[in-house]
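Look at the sequence and the model below before reading on. The text that follows takes up a sheet, then the empty spaces, and then two single residues.

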Amino acid sequence: MAPGRIMATVRIGLPAAGLLAMLLATACTAYHAAPLDPSEHVARHNQRGGSDSALVAYLRTYGTSADGAWTPAALALTALFYGPSLDVLRANRAETLAAEHSAGIRPAPGLTADIDRGFSNGGGSSPWGVAFAPTFTIETGGKRGARIALARARTAMAEAGIRAEAWRAMATVRRSTIDAATADRDIQFATSERDAQDSLHRQLQWKFEEGTVTRAELARSATDLQQTQADLAAAVRLRADAYGTVARAAGLAPEALEDAGIRADSFGVAAGCLPLAAIAHDSLQRLGLASHWEVAMALHRYATTEAAVRLEVARQHPDLTLGPGLFFDHGVARWAISFLVPSILLRHNNGPIEEAEAARSGAAAEVAVVQDSILADLDQALSLCRRTRFDRASADSLAGAADAQYGVAADAYQRGETSRSDLLFARVAQARAQRIAALAEQRAARASAELELALGLWRTGAPARWPDPALSPHAEAPLSQRSGAAP
């Protein structure tokens, strides 16, 4: 600049400002408000159940229904239909997909404008100096590729998270429906045992009045009757708790389930875990690790930390901004180009790189934690399956012996060789043995379900197909075609 000349610099001149305003006016997206009314949720919540036409159509699409007693598969699909946690994860996935688009965007070009005016002009040239220069930023070190890799890893982790949550919801329903059906059957057998004990007690009361039994025998019978009544009351409480757990897992009201009832498809095939338990242990381990989405989610989480390390390493390299433009220097037109390095990392970004590497090591350890948890659940389920085999055999033997004793007592009573009291004693023993056998069968059914869930399977009573949990139940999209396989 010549002596005596004062320069006034404006970064964006009037022509540039007009151009920028025009670009903003044509490229901006309009804001649309989306207010929420929490009171509307109450009405939607109260419409849930078998009378919800949307749910009925959804269940029919996947080969099941809510007609009659609820099945575990119908309740699992209902949990996927109503589950708000899945909607949250779907929204997170949509956010990560948008982040993928943002990660691939290159740095936008800019525009600089300089205007200066000289207040002292001895040569007769124009006092004005004007410069216009577009700016272009060139990323170095592979930053864009690293950003895209990180965004894609986060999307994959979000998708795995949706499927892991869907499986968790279905497993909760599977367990709770078995508990609810167990409670229903236990009430039946507890009622039968209570009725048999009540008949025996009334018979002993009559004989006590005759003087043929002692007060101690009558008191012992009264204690046994009170115990059976307490057992029945406990079974009723457990049923209410079990139905409440199922209702909460499926997003339904407990009254709707209690009125319709629950049919557990696992009963009748309780020995189904034994063929699985006979498979080689290492094969079961590989199947369990491959089937569980928690492992996939942990691996994708590790992939995000790996991509984060790559991005921080790429950030060591400074970007370059170029600004070629025209400069009207007080009557003289010139072409100029400027070079700009926005930032220079003197310590080569060592701190963020070390932080990202530490996070990667932690994610690798989390993968091992998840795998160990799944393998431990599998070992526990296998052990439970083997124990219930002998438990059920013992209970069935006891029930068979009690049935035989009752048959002998009934024949003897018909021939007049024994009293009605002896027959009622045999009936009480038979009812108690039947309840023990039923409980053993139900424990075997639970063990079978636990082994299937530990392997990431749903074999018994599965619908014709499962939905893709990454899609909203109301989305128009192709359905998963994996017949009988859980998502």
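In which sense do β2 and strand β3 pair, and over how many bridges? The model shown here is a predicted one. In this model, β2 and β3, the latter made of residues 320-329, are paired in the antiparallel sense, and seven bridges hold the pairing. One position to look for is Gly 129, which has Asp 329 of β3 opposite.

These two strands belong to an open sheet of four strands, in the order β1-β2-β3-β4, and the pairing is antiparallel. At the edges of the sheet are β1 (110-117) and β4 (332-340). Each edge strand has a single partner, so one side of β1 and one side of β4 are left without a neighbour in the sheet. From one strand to the next, the twist averages 15°.

Now follow the sheet from β2 towards β1. Strand β2 covers residues 128-138, runs antiparallel to β1, and is joined to β1 by eight bridges. Two of the partnerships can be picked out by residue. Asp 114 has Ala 131 of β2 as its bridge partner, and Asp 116 has Gly 129 of β2. Gly 129 has already appeared above, standing opposite Asp 329 in β3. In a regular strand, side chains point in turn to one face of the sheet and then to the other.

The next topic is empty space. A probe the size of a water molecule, rolled over the atoms, shows where such space remains. The largest pocket in the model has a volume of about 380 Å³. Its lining consists of 18 residues, and those nearest the centre of the pocket are Arg 175, His 292, Asp 377, Leu 453 and Ala 454. Three elements give two or more residues to this lining: α6 (143-210), α12 (350-414) and α13 (420-454). Which element provides the largest share of the lining of the largest pocket? That is α12, with eight residues. Sorted by class, the lining of the largest pocket holds eight nonpolar, four polar and six charged residues.

There is also one cavity of 30 Å³ or more. The largest cavity has a volume of about 30 Å³. Its lining is made up of Tyr 58, Leu 80, Arg 90, Pro 467, Asp 468, Pro 469, Leu 471 and Pro 473. By class, six of the residues lining the largest cavity are nonpolar, two are charged and none is polar.

Two helices named for the pocket also hold the residues taken up last. Thr 388 is placed in helix α12. Is Thr 388 buried or exposed? The relative accessible area of Thr 388 is 6%, and residues under 20% count as buried, so Thr 388 is buried. A polar atom of the Thr 388 side chain lies 2.9 Å from the backbone oxygen of Cys 385.

Leu 451 is found in helix α13. Its relative accessibility is 0%, so Leu 451 also counts as buried. Where the chain folds back, compare Leu 451 with Ser 383: they are 68 residues apart along the chain, and their C-alpha atoms are separated by 9.5 Å.

Notes: Residues numbered from 1 in each chain as written. Predicted model: local features only at pLDDT ≥ 70, side-chain atom pairs only at ≥ 80, totals over all residues. Heavy atoms only, no water. 1 Å grid on protein atoms, 1.4 Å probe; cavity = no way out; pocket = protein on both sides within 12 Å on 5 of 7 lines; lining within 4 Å. Points joined across faces, edges and corners; volume = space filled by probe spheres on them. Nonpolar A, V, L, I, M, F, W, Y, C, P; charged D, E, K, R; others polar. Pairing = 2+ DSSP bridges. Axes fitted to C-alpha atoms, helices over the stretch in contact; angles between N-to-C directions. Buried < 20%, exposed > 50% of the residue type's maximum accessible area, 1.4 Å probe, protein only. Polar contact = N/O pair within 3.5 Å; in protein donor to acceptor, adjacent residues only side chain to side chain.
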